[in-house]
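New to this one? Take a moment with the sequence and the 3D view, and then we'll walk through it together.

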Amino acid sequence: HFNKASYLMSAPTLALCPPETGVEVCFAGRSNAGKSSAINTLTNNGKLARTSKTPGRTQMINFFTLGNPDQRLVDLPGYGYAKVPLAMKIEWEKHLSQYLQERKSLAGMVLMMDVRHPLQEFDTTMINWAVSAEMPVHILLTKADKLKKGPAQTMLLNVRKHLKEAKADDLVSVQLFSSLKRTGLPELNVVLNRWFLG
Ligand code: GDP
C-alpha cells in the first residue's frame, strides 16, 4: 500500500508535527545518502520526496500519509554538510533525539547509509539514540549498484558484525538497497509492514 502515499504536511519543528495518533515510520540519513530516492522508490512516486543535487537544503520534517492519516511516513531532514551552521545542527539534534525518545506514534526508523561508507558519526549517533529509546531501526545500505556483488555483501556482513559487537542486533537490522536497480524492495516491505501492522 506504500504506493498510496501522499503528501500531508511539513513541520519546521517537532512541536508543529501532526497529532501522535496511529503509526508512523521515519526515514533518516546523512545528506546525499539516497533517502529521497529510497522514499520515491518505495512509494513508486518519483516526485514524493524531493531528490536534490544540492544536499542539505531541506530542513523541514515532511509527513506523508498512506491513504489513511493514521499511517504516516516521515522524512526527517538529513545533514552532514558543512553548509549547515553548527548551531542549527545542535538544535536539530536536540529535536531529533526528543522525537525518537518521545513520539508515541513512532514504530521504527529506516536509516539510509551509502553502502560505500556506512556507519559515519551521524549514523552511529542515530543508532545509539534509537537503541536507547528501544526503537527498532532498519538500515538500508543504499546505492548498492555502485559496488559489485562480492564487495556489497562484504559491507553488509561488516555492518552486521558491528551491530552484533555493539549488542544492537536485536533492535537493528540491515539490508542492501538500490533505488536505481530497484533491488531490496521486498525485504524493505516486509519490515515496514511488520511495523505498521504492529
Ligand atoms: P538524499 O539527500 O539522502 O535525499 O539523497 P538523494 O536521494 O537525493 O540522492 C543523492 C544522490 O545519489 C542523487 O544524485 C541520486 O541520484 C543518487 N542516488 C540515490 N539512490 C541511488 C541508487 O540507488 N543508485 C545510484 N547509483 N545512485 C543513487
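We'll begin with the whole chain, then move on to the strands, the loops and the ligand.

First, keep in mind that this is a predicted model. The protein chain holds five helices and seven strands. If you follow the sequence from its start, these come in the pattern β-β-α-β-β-α-β-α-β-α-β-α. Along its principal axes, the C-alpha trace spans about 45 × 40 × 35 Å. How does that fit with a compact globule? For 198 residues, a compact globule would have a radius of gyration near 16 Å, and the protein chain has 16 Å, so the two agree. Of those 198 residues, 38% count as buried.

Now find strand 6, residues 137-142, and strand 7, residues 172-176. The two run parallel and are joined by five bridges. You can spot the pairing at Val137, which stands opposite Val172 in strand 7. To get from strand 6 to strand 7, the chain passes through helix 4 (residues 149-165), and this β-α-β crossover is right-handed.

Strand 7 is also a nice place to look at two faces. In a regular strand, the side chains alternate between the two faces of the sheet. In strand 7, the covered face has Val172, Val174 and Leu176, while Ser173 and Gln175 sit on the uncovered one.

Next, look at the loop between strand 6 and helix 4, where you'll find Lys143 and also Lys146. Is Lys143 buried or exposed? It has 24 other C-beta atoms within 10 Å, and 20 or more makes a residue buried, so Lys143 is buried. Lys146, with 14 other C-beta atoms within 10 Å, counts as partly exposed. The C-alpha atoms of Lys146 and Ser178 are separated by 8.8 Å, although the two residues are 32 apart along the chain. Going on into helix 4, you meet Gln153. This residue is partly exposed, with 13 other C-beta atoms within 10 Å. Measuring C-alpha to C-alpha, Gln153 and Leu140 are 13 Å apart in space, and they are 13 residues apart in sequence.

Lys143 has something else to show you. Most residues other than glycine have a negative phi. Lys143, though, has a positive phi, near 60°. Arg182 is another residue other than glycine with a positive phi, here near 55°. You'll find Arg182 in the loop between strand 7 and helix 5. Where Lys143 is buried, Arg182 is exposed, because there are 12 other C-beta atoms within 10 Å of its own and 12 or fewer is the cut-off.

That loop leads to helix 5, residues 185-197. How far apart should its ends be? At 1.5 Å a residue, the 13 residues of helix 5 should span 18 Å, and the end C-alpha atoms are indeed 18 Å apart, so the helix agrees with what is expected. After helix 5 comes Gly198, which has a positive phi, near 80°.

Finally, turn to the ligand. Which residues are closest to the ligand? They are Gly34, Lys35, Ser36, Ser37 and Leu180, out of 21 residues that surround it. Helix 1 (residues 35-43) gives the most to this shell, with three residues. By type, the shell divides into 12 polar, five charged and four nonpolar residues.

Note on methods
Residues are numbered from 1 along each chain as its sequence is written. This is a predicted model: local features need pLDDT of at least 70, side-chain atom pairs count only at pLDDT 80 or more; totals for chains, interfaces and linings use all residues. A residue is near a molecule or strand if its C-beta atom, placed from the backbone, lies within 6 Å of it. Helices (H or I, at least four residues) and strands (E, at least two) are DSSP runs, numbered from the N terminus. Ala, Val, Leu, Ile, Met, Phe, Trp, Tyr, Cys and Pro count as nonpolar, Asp, Glu, Lys and Arg as charged, and the others, Gly among them, as polar. Two strands pair if DSSP finds at least two bridges between them. A crossover is right-handed if, with the strands pointing away from the viewer, the path from the first strand over the helix to the second runs clockwise. The expected span of a helix is 1.5 Å times one less than its number of residues. The radius of gyration is taken over C-alpha atoms; the globule rule is 2.2 Å times the number of residues to the power 0.38.
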